[in-house]
Every structure is written in structure tokens, then in C-alpha cells.
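This report looks at a pocket and at some pairs of charged side chains. Please keep the sequence and the 3D view side by side while reading.

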Amino acid sequence: EPLFRSKSSMMKKFLYVFLLFIPLSAYSGTYRVNKTGLLLQTKHLKNGNIQFDIYNSRNSEKNSLVQGVAKLKSGDSEINTDEETGLGYAVDEYIHDKNQCFISIRLDVEKGKKGSLKTSCPKQNELRHLNLPILKIK
């Protein structure tokens, strides 16, 4: 009888610790930008904004095109449409607007596994005008 109880409390402790770590996995990620050789890396900051890096994955070394902080847009969640299913899903939108480069990063509210990247950066060829889905790869 006591053996069983300790096992069960150990299991509870394990579950508790495990559940504590689940949200953290959503706190950073690497996304593949559809139809391009670009990758987007994000890291959630404590204040609700994200740090991001958009880089080229074609070369072996990491060639950053733009990096910085994107601010969480306040107000209601935006809605994106899943290209494959045609269904809408809620997203958090993060905006970066600096040096004539506007970037909108939208991440799936629920699991952060998908979203979209929209850029308008006239001075940068690869980021001049993108509006593409992104998918989390790690």
C-alpha cells in the first residue's frame, strides 16, 4: 500500500514538472518560409514580444538578412487561413518596422507550429515583398 502511494506521488510530481516545461517549448522555434530558401528563427521575450532572425539556409553559414525585435500587436487575435485545409486559425501578430523595412510575423496562438511572414523591405531583394506561410521545423 505505501509503495503504491509513493509511486503515484512521484508520477504526479513528474507530470507537474513536465507540464511546467511544455509552454517553454513554444518559446523559441525555427520556421521554414514557404517557396523560399529562408528560415525564420523566433524567441519569445518576457514582455510578450519576440526576437527574430530571418536568414538564408542555402549557404552553410548563417547569412542573416534581418534581425531584431517584433512587437506583439495589441487588440484581438488576427485570423490566418490554412492553405491546405482552408480553415481559419487564430494568430498573434508581431510587427517590426525599422529602417524602411516592415515585417509582420503571425504565429498560431494554439501551438505556434504555423503562421505567416509578410515583408515589405524595398532595399532588400529577398525581403522586398513576401507574403507566405511558415511552418515550424524545430
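## Terms and model

Ala, Val, Leu, Ile, Met, Phe, Trp, Tyr, Cys and Pro count here as nonpolar, Asp, Glu, Lys and Arg as charged, and the others, Gly among them, as polar. This is a predicted model, in which local features need pLDDT of at least 70 and side-chain atom pairs count only at pLDDT 80 or more, while totals for chains, interfaces and linings use all residues. Residues are numbered from 1 along each chain as its sequence is written, and side-chain values use heavy atoms, with hydrogens and water left out.

## The largest pocket

By these classes, the lining of the largest pocket divides into six nonpolar, six polar and five charged residues. A pocket is an open set of points on a 1 Å grid where a 1.4 Å probe fits, with protein on both sides within 12 Å along at least five of seven lines, and lining residues have an atom within 4 Å of a point. Strand 9 gives the most to this lining, with five residues, strands being DSSP runs (E, at least two residues) numbered from the N terminus.

## Salt bridges

A salt bridge is a side-chain nitrogen of Lys or Arg within 4 Å of a carboxyl oxygen of Asp or Glu, and the count comes to six. E93 pairs with K73, the closest N and O atoms being 3.1 Å apart; E93 lies in strand 6 and K73 in the loop between strand 4 and strand 5, so the pair ties together parts 20 residues apart in sequence.

E93 is buried (under 20% relative accessible area), at 9%, whereas K73 is partly exposed (from 20% to 50%), at 39%. E93 also forms a salt bridge with R106 (3.6 Å, N to O), and R106 is buried as well.

Note on methods. Helices (H or I, at least four residues) and strands (E, at least two) are DSSP runs, numbered from the N terminus. Buried means under 20% relative accessible area, exposed over 50%, partly exposed in between (1.4 Å probe, protein chains only).
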